[in-house]
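Please open the model in a viewer and keep the sequence panel visible. The tour below proceeds by selection, from the whole chain to individual side chains.

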Amino acid sequence: MEITPNTLLYIAIVSIGLGIVVGLFLLFFGRKKGKQNLGVIGLVISVISGAIGPILPVLVLVIFVFLINRKHPLDSTSVEPDEIGDHEDNGSTI
(Lines give C-alpha, C1' and ligand atoms only; values in the text may rest on other atoms or scores of the structure.)
Protein backbone atom coordinates (compact mmCIF):
# COMPACT_ATOMS: atom_id res chain seq x y z
CA MET A 1 0.00 0.00 0.00
CA GLU A 2 1.45 3.29 -1.09
CA ILE A 3 0.90 6.41 0.97
CA THR A 4 0.05 9.27 -1.34
CA PRO A 5 -0.36 12.95 -0.48
CA ASN A 6 -4.12 12.50 -0.85
CA THR A 7 -4.08 9.74 1.77
CA LEU A 8 -2.21 12.00 4.19
CA LEU A 9 -4.70 14.79 3.48
CA TYR A 10 -7.65 12.51 4.25
CA ILE A 11 -6.03 11.33 7.49
CA ALA A 12 -5.40 14.95 8.51
CA ILE A 13 -9.00 15.96 7.74
CA VAL A 14 -10.42 13.03 9.71
CA SER A 15 -8.05 13.74 12.62
CA ILE A 16 -9.02 17.42 12.74
CA GLY A 17 -12.69 16.42 12.52
CA LEU A 18 -12.21 14.07 15.48
CA GLY A 19 -10.48 16.90 17.34
CA ILE A 20 -13.43 19.21 16.67
CA VAL A 21 -15.98 16.63 17.84
CA VAL A 22 -14.02 15.88 21.02
CA GLY A 23 -13.45 19.59 21.60
CA LEU A 24 -17.13 20.42 21.26
CA PHE A 25 -17.93 17.70 23.78
CA LEU A 26 -15.40 19.25 26.17
CA LEU A 27 -16.89 22.70 25.58
CA PHE A 28 -20.43 21.57 26.39
CA PHE A 29 -19.25 19.45 29.33
CA GLY A 30 -17.29 22.38 30.75
CA ARG A 31 -20.24 24.72 30.30
CA LYS A 32 -22.53 22.23 32.07
CA LYS A 33 -20.14 21.95 35.03
CA GLY A 34 -19.64 25.73 35.25
CA LYS A 35 -16.06 25.66 33.99
CA GLN A 36 -16.45 27.20 30.55
CA ASN A 37 -12.83 28.40 30.41
CA LEU A 38 -11.54 24.83 30.70
CA GLY A 39 -14.02 23.76 28.02
CA VAL A 40 -12.76 26.42 25.59
CA ILE A 41 -9.13 25.52 26.31
CA GLY A 42 -10.00 21.84 25.79
CA LEU A 43 -11.61 22.67 22.44
CA VAL A 44 -8.56 24.55 21.19
CA ILE A 45 -6.06 21.95 22.40
CA SER A 46 -8.19 19.13 21.01
CA VAL A 47 -8.31 20.66 17.52
CA ILE A 48 -4.56 21.36 17.57
CA SER A 49 -3.80 17.85 18.78
CA GLY A 50 -6.10 16.45 16.12
CA ALA A 51 -3.98 18.18 13.49
CA ILE A 52 -0.88 16.51 14.95
CA GLY A 53 -2.20 12.96 15.31
CA PRO A 54 -5.48 11.04 15.23
CA ILE A 55 -5.14 9.52 18.73
CA LEU A 56 -4.16 12.67 20.63
CA PRO A 57 -7.70 14.14 20.92
CA VAL A 58 -8.72 11.06 22.91
CA LEU A 59 -5.88 11.70 25.36
CA VAL A 60 -6.93 15.36 25.61
CA LEU A 61 -10.50 14.20 26.29
CA VAL A 62 -9.41 12.03 29.23
CA ILE A 63 -7.25 14.77 30.75
CA PHE A 64 -9.80 17.56 30.41
CA VAL A 65 -12.73 15.47 31.65
CA PHE A 66 -10.66 14.87 34.79
CA LEU A 67 -9.80 18.57 35.10
CA ILE A 68 -13.37 19.74 34.54
CA ASN A 69 -14.98 17.10 36.74
CA ARG A 70 -12.83 17.59 39.85
CA LYS A 71 -14.43 19.65 42.56
CA HIS A 72 -11.44 21.79 43.58
CA PRO A 73 -7.73 22.05 42.80
CA LEU A 74 -5.57 19.35 44.28
CA ASP A 75 -4.27 20.24 47.72
CA SER A 76 -0.58 20.20 48.42
CA THR A 77 0.59 17.12 50.26
CA SER A 78 3.60 18.82 51.76
CA VAL A 79 3.42 19.77 55.41
CA GLU A 80 4.93 22.97 56.69
CA PRO A 81 7.07 22.36 59.78
CA ASP A 82 6.00 24.12 62.94
CA GLU A 83 8.21 26.87 64.20
CA ILE A 84 10.43 25.86 67.10
CA GLY A 85 8.74 26.65 70.39
CA ASP A 86 5.41 27.29 68.68
CA HIS A 87 3.83 24.00 69.72
CA GLU A 88 2.62 22.97 73.14
CA ASP A 89 4.59 20.25 74.89
CA ASN A 90 2.30 18.14 77.04
CA GLY A 91 5.06 15.79 78.22
CA SER A 92 3.65 12.68 76.56
CA THR A 93 5.99 10.31 74.78
CA ILE A 94 5.22 7.87 72.05
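## Helix pairs and selected side chains

Select helices α1 and α2 to begin: the two are roughly antiparallel to each other. Their axes cross at roughly 170° and come within 7 Å; an angle over 145 degrees is counted as roughly antiparallel. This is a predicted model, and every value on the tour is to be read accordingly.

To display the interface between these two helices, select S15, I16, G19, I20, V22, G23, L24, L26, L27, G30 and R31 on α1, together with Q36, G39, V40, G42, L43, S46, V47, G50 and A51 on α2. Coloured by class, the contact of α1 with α2 shows 10 nonpolar, nine polar and one charged residues.

**The whole chain**

Now select the entire protein chain. Three helices and zero strands are present, and the order of elements from the N terminus is α-α-α. Of the 94 residues in the chain, 19% are buried. Switch on the surface: the chain exposes about 7600 Å², of which carbon and sulfur atoms supply 67%. Among contacts between residues at least 6 apart in sequence, 60% join residues at least 24 apart.

**Helix α1 against helix α3**

Next, select residues 5-32 for α1 and residues 56-69 for α3. The axes of these helices come within 10 Å and cross at roughly 5°. That angle makes α1 roughly parallel to α3.

Show side chains for the residues that form this contact. On α1 they are S15, L18, G19, V22, F25, L26, F29 and G30, and on α3 they are P57, V60, L61, F64, V65, I68 and N69. The class count for the contact of α1 with α3 is 11 nonpolar, four polar and no charged residues.

**S46**

Which helix holds S46? Select the residue and follow the ribbon: S46 belongs to helix α2. S46 is buried, since its relative accessible area is 0% and the limit for burial is under 20%. Draw a distance from the side chain of S46 to the backbone nitrogen of G23; the value is 3.4 Å. Apart from neighbours within four places in sequence, S46 is in contact with G19, V22, G23, P57 and V60.

**S49**

Move along helix α2 to S49, which lies in the helix. Is S49 buried or exposed? With a relative accessible area of 8%, S49 is buried. A polar atom of the S49 side chain lies 2.9 Å from the backbone oxygen of S46. Beyond neighbours within four places in sequence, the contacts of S49 are L56, P57 and V60. Keep P57 and V60 displayed, as they are also among the contacts listed for S46 and among the α3 residues that meet α1.

**T7**

Finally, centre the view on T7, which lies in helix α1. Its relative accessibility is 24%, so T7 counts as partly exposed. Add the side chain of T4 to the selection: a polar contact of 3.0 Å joins the side chains of T7 and T4.

Key
Residues are numbered from 1 along each chain as its sequence is written. This is a predicted model: local features need pLDDT of at least 70, side-chain atom pairs count only at pLDDT 80 or more; totals for chains, interfaces and linings use all residues. Side-chain values use heavy atoms; hydrogens and water are left out. Axes are lines fitted to C-alpha atoms, for helices over the stretch in contact, and angles run from 0 to 180 degrees between N-to-C directions. Helices (H or I, at least four residues) and strands (E, at least two) are DSSP runs, numbered from the N terminus. Angles under 35 degrees count as roughly parallel, over 145 as roughly antiparallel, 65 to 115 as roughly perpendicular and the rest as oblique. Contact means heavy atoms within 4.5 Å. Ala, Val, Leu, Ile, Met, Phe, Trp, Tyr, Cys and Pro count as nonpolar, Asp, Glu, Lys and Arg as charged, and the others, Gly among them, as polar. Buried means under 20% relative accessible area, exposed over 50%, partly exposed in between (1.4 Å probe, protein chains only). A polar contact is a pair of N or O atoms within 3.5 Å; within protein, one must be able to donate a hydrogen and the other to accept it, and residues adjacent in sequence count only if both atoms are side-chain atoms. Accessible areas come from the Shrake-Rupley method with a 1.4 Å probe; for residues, only the protein chains shown count as cover.
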